[in-house]
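You asked for a quick read of this model before you open it at the bench. Here are my notes, point by point.

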Amino acid sequence: TTPHPSPCIIVGGHSLWFRSFFREFLPDKATETYCVAAKNKKMRNGGAVAFTLRCLTDNAGVKQYKIVPESVRVVFMGFSK
């Protein structure tokens, strides 16, 4: 098989942890539907969401991680209503 062009990480965890993760790493100004849901609602039990996480390095060499807002998509079940 051909390797994926970038590393793929699969993470499991509690829905409240994921909500905190999205609040931390999604830009405040993200208005895409799934971004708003990710920051304000819990993931459903057994739900799966995909996104791209970027590592940015500033001029001082400090790394920051951000979720690319337009990359957030529901794979299975999504967020609570």
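1. Start with the lining of the largest pocket. Sorted by class, it has 16 nonpolar, eleven polar and two charged residues. Keep in mind as you look that this is a predicted model.

2. How big is that pocket? Its volume comes out at about 840 Å³. There are 29 lining residues, and the ones closest to the centre are I9, I10, V11, V49 and F51. If you want to find the spot on screen, colour those five and look between them.

3. Which elements build the lining? Helix α1 gives the largest share, with five residues. Strands β1 (48-50) and β4 (73-76) also belong on the list, since α1, β1 and β4 each supply at least two lining residues.

4. A word on the overall layout. The protein has two helices and four strands, and reading from the N terminus the order is α-α-β-β-β-β. Along the principal axes, the C-alpha atoms fill a box of roughly 40 × 40 × 20 Å.

5. Now the helices. Helix α1 covers residues 15-25 and helix α2 covers residues 33-40; their axes come within 7 Å and cross at roughly 125 degrees. An angle between 115 and 145 degrees falls outside the parallel, perpendicular and antiparallel ranges, so α1 and α2 count as oblique to each other.

6. Who touches whom there? On the α1 side you have R19, F22 and R23, and these meet A38, K39 and N40 in α2. By class, the residues of this contact split into two nonpolar, one polar and three charged. The charged ones are R19 and R23 from α1 and K39 from α2, while F22 and A38 are the nonpolar pair and N40 is the polar one.

7. Over to the strands. Strand β2 (residues 53-57) pairs with strand β3 (residues 63-67) in the antiparallel sense, over five bridges. Two facing positions are handy for getting your bearings: L56 stands opposite Q64, and T57 stands opposite K63.

8. Last, the turn. What sits between β2 and β3? The hairpin has five residues between the strands, and one of them to check is G61, which takes a positive phi near 85 degrees.

Technical notes
Residues numbered from 1 in each chain as written. Predicted model: local features only at pLDDT ≥ 70, side-chain atom pairs only at ≥ 80, totals over all residues. Heavy atoms only, no water. Pairing = 2+ DSSP bridges. Axes fitted to C-alpha atoms, helices over the stretch in contact; angles between N-to-C directions. Parallel < 35°, antiparallel > 145°, perpendicular 65-115°, else oblique. Contact = heavy atoms within 4.5 Å. 1 Å grid on protein atoms, 1.4 Å probe; cavity = no way out; pocket = protein on both sides within 12 Å on 5 of 7 lines; lining within 4 Å. Points joined across faces, edges and corners; volume = space filled by probe spheres on them.
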